[in-house]
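Below are some comments on the model you sent, set out as numbered points. They begin with one helix contact and then widen to the chain and to the confidence of the prediction.

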Amino acid sequence: MADGTPPPDPSGPDAVGPASAVRPFLVTAGRVAAGDDGRSMPVETQVVATAEGLDALDLLAFERHDIVAVCRLPQSLAEIAARLRLHLNVVRVLAEDLRDAGQLTVHVPDSDLVHDASVLRRVIEGLRAVPDSRGVPSDTD
């Protein structure tokens, strides 16, 4: 990472250790996360490194390097922020910069699907079907 340690493996456990002491506005040069249309990328936006981004990995500095490195596999903005212990809006701004440079591919979810109540109901039903530590589905208690 920015301190010389390798970024966490995207398929491995969550990052551990202290969060960055650098203020978020210093990392983004005071910019806030807003796209061309004035809206920020949703937290569930999927991001993956491009071949160009992986080739340029050694040329990238600090947080940009860490974001591209952790995005070898698709990650949501929220996952990236949690794994790298960065502020979510910092990740949004840097992801937009990396996308503009061709180093990340960004997949924004369909907003109509995100606001569809049937999707939320299916997620709740799926979570209820997951067995607890005793092996009993949680909707049978």
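**Notes on helix packing and confidence**

1. In α3, the residues E63, R64, I67 and V68 meet V91, L94, D97 and L98 of α5. Sorted by class, this contact of α3 with α5 comprises five nonpolar, no polar and three charged residues. Please keep in mind throughout that the model is predicted.

2. How are the axes of α3 and α5 arranged? The two helices pack at an angle of about 80°, and their axes lie 10 Å apart. Because angles of 65 to 115 degrees count as roughly perpendicular, α3 is described as roughly perpendicular to α5.

3. Helix α3, which spans residues 62–70, is mostly covered, with seven of its nine residues buried. The buried positions are E63, H65, D66, I67, V68, A69 and V70. Of these, E63, I67 and V68 also appear in the contact with α5, so a reader following the general geometry may find it useful that an α-helix has 3.6 residues a turn and that residues three or four places apart therefore point the same way.

4. Helix α5 (residues 88–100) also packs against helix α4 (residues 77–84), here at an angle of about 115° and with the axes 9 Å apart. The crossing of α4 and α5 is right-handed. On the α4 side the contact is made by L77, A78, I80 and A81, and on the α5 side by L88, V91, R92 and A95. By class, the contact of α4 with α5 has seven nonpolar residues, no polar ones and one charged residue. V91 of α5 is listed in this contact, and V91 is likewise listed in the contact with α3.

5. Turning to the chain as a whole, there are seven helices and three strands, and along the sequence they follow the pattern α-β-α-α-β-α-α-β-α-α. Of the 141 residues, 31% count as buried. Among contacts with a separation of 6 or more, 69% come from residues 24 or more positions apart.

6. On confidence, the mean pLDDT of the protein chain is 76, and 64% of its residues reach 70 or more. Which elements mark the lowest and the highest mean pLDDT? Helix α1 (residues 24–27) has the lowest, at 56, whereas strand β1 (residues 46–49) has the highest, at 94.

7. Finally, pLDDT stays under 50 over residues 13–17, and for this stretch the model has seven contacts beyond four places in sequence.

Note on methods
Residues are numbered from 1 along each chain as its sequence is written. This is a predicted model: local features need pLDDT of at least 70, side-chain atom pairs count only at pLDDT 80 or more; totals for chains, interfaces and linings use all residues. Side-chain values use heavy atoms; hydrogens and water are left out. Axes are lines fitted to C-alpha atoms, for helices over the stretch in contact, and angles run from 0 to 180 degrees between N-to-C directions. Helices (H or I, at least four residues) and strands (E, at least two) are DSSP runs, numbered from the N terminus. A crossing is left-handed if the near helix is turned anticlockwise from the far one by less than a right angle, and right-handed if clockwise. Contact means heavy atoms within 4.5 Å. Ala, Val, Leu, Ile, Met, Phe, Trp, Tyr, Cys and Pro count as nonpolar, Asp, Glu, Lys and Arg as charged, and the others, Gly among them, as polar. pLDDT is the predictor's confidence in each residue, from 0 to 100. Buried means under 20% relative accessible area, exposed over 50%, partly exposed in between (1.4 Å probe, protein chains only). Angles under 35 degrees count as roughly parallel, over 145 as roughly antiparallel, 65 to 115 as roughly perpendicular and the rest as oblique.
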